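Good morning, and thank you for coming. I should like to take you through one structure from the inside outwards. Please have the sequence and the coordinates in view.

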Amino acid sequence: MYPKQDGYYYPTAPPVAAPPPGTSQYYMPQLNVSYYPPPPPPPIGMQAQGHVPWSTGLCGCTEDCGNCCTTCFCPCVTFGRVAEIVDRGSTSCAAAGTVYALLGMLTCCHCIYSCFNRKKMRAQYSLQEQPCNDCCVHCCFELCALCQEYRELKNRGFDMAIGWELNVARQTRTTTMPPPMPGAMLR
């Protein structure tokens, strides 16, 4: 790398070796693919940069009928379970569900509260903002949005019924356990 007249350094390609004797004229040299180191992997539970599509659509509520029924009759339960996972255990399911229910009963502004939760979830998993922005999705399709967020976390390997702490314990237990030893040979 040599400085050009404008004072900037420009990288040069590594030298290419001549073809070994006895090879055809169409010899393709192997390039050094480790010229630049690969980026580090994303943290656990996070996706790589870029916008990833949702695993299910906004109107795919029938893919999980149990969650759909729970959300229709008691959306605070679904919201609480999603909020506990998204907040990584800093907010309990009961606390988030209670705040959601009180906001719904007293002010009818529970969709704004859940909108911020969706925005946080999209940032954690680099999810696309679709079909429109988060506030419009929650104001117009509140129950469908809650079901979609629940299914997204479930499809990412979370057991929504057990909460954050047990999900973390389950993931660490499955990743650190040694493989089972084969039994002794019997006659």
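I shall speak about the nonpolar cores, then some individual buried residues, and finally the salt bridges. Please bear in mind throughout that this is a predicted model.

Let us begin with the packing. The largest nonpolar core has 12 residues, among them Trp-54, Val-82, Met-121, Tyr-150 and Trp-164. Which helices supply at least two residues each to this core? They are α2, spanning 75-86, α4, spanning 110-125, and α6, spanning 142-155. Of the contributors, α2 gives the most, with three residues. A second core, separate from this one, has six residues, including Cys-76, Phe-79, Ala-83 and Leu-146.

Ile-85 belongs to the largest core. Beyond its sequence neighbours up to four places away, Ile-85 touches Leu-153, Phe-158, Met-160, Gly-163, Trp-164 and Asn-167. The last of these, Asn-167, sits in helix α7, residues 163-176. Asn-167 is buried, because its relative accessibility is 1%. Apart from neighbours within four places in sequence, Asn-167 is in contact with Ile-85, Gly-157, Phe-158, Asp-159 and Ile-162.

Returning to helix α2, I draw your attention to Gly-80, which lies there. Gly-80 has a relative accessible area of 0% and is therefore buried. With neighbours within four places set aside, its contacts are Cys-93, Ala-96 and Gly-97. Gly-80 and Met-160 are 80 residues apart along the chain, and their C-alpha atoms are separated by 9.9 Å.

A word on annotation. An unreviewed UniProt entry carries the annotation "transmembrane region" for residues 94-116. In the model, that stretch is 87% helix and 0% strand, with its end C-alpha atoms 18 Å apart.

Now to the charged residues. The model contains seven salt bridges. One of them joins Asp-87 to Lys-120, with the closest N and O atoms 2.7 Å apart. Asp-87 is in the loop between α2 and α3, and Lys-120 is in helix α4, so this pair ties together parts 33 residues apart in sequence. How do the two partners stand in accessibility? Asp-87 is buried, with a relative accessible area of 16%, whereas Lys-120 is partly exposed at 40%.

Asp-134 is in helix α5, residues 134-140, and is buried, with a relative accessible area of 2%. Asp-134 forms a salt bridge with Arg-118, where the closest N and O atoms are 3.6 Å apart. Asp-134 also meets Arg-122 in a salt bridge, at 3.0 Å from N to O. Arg-122 lies in helix α4, so this second pair ties together parts 12 residues apart in sequence. Both arginines are buried: Arg-118 has a relative accessible area of 0%, and Arg-122 has a relative accessibility of 12%. A network of salt bridges links Arg-118, Arg-122, Glu-129, Asp-134 and Glu-149.

I close with Arg-151, in helix α6. Which side chain of opposite charge is nearest to this buried residue, and how far away is it? It is Glu-63, at 4.3 Å, and Arg-151 has no salt bridge; the cut-off for one is 4 Å. The side chain of Arg-151 does reach the backbone oxygen of Gly-60, at 3.3 Å. Among the residues that Arg-151 touches, beyond those up to four places away in sequence, are Ser-55, Thr-56, Gly-57, Leu-58, Cys-61 and Asp-64.

Thank you for your attention.

Methods
Residues numbered from 1 in each chain as written. Predicted model: local features only at pLDDT ≥ 70, side-chain atom pairs only at ≥ 80, totals over all residues. Heavy atoms only, no water. Core = buried A, V, L, I, M, F, W, Y, C linked by side-chain atoms within 4.5 Å. Buried < 20%, exposed > 50% of the residue type's maximum accessible area, 1.4 Å probe, protein only. Helix = DSSP H or I, 4+ residues; strand = E, 2+ residues; numbered from the N terminus. Contact = heavy atoms within 4.5 Å. Lys, Arg positive; Asp, Glu negative; His and termini not counted. Polar contact = N/O pair within 3.5 Å; in protein donor to acceptor, adjacent residues only side chain to side chain. UniProt positions renumbered as here; feature names shortened; annotations may be inferred.
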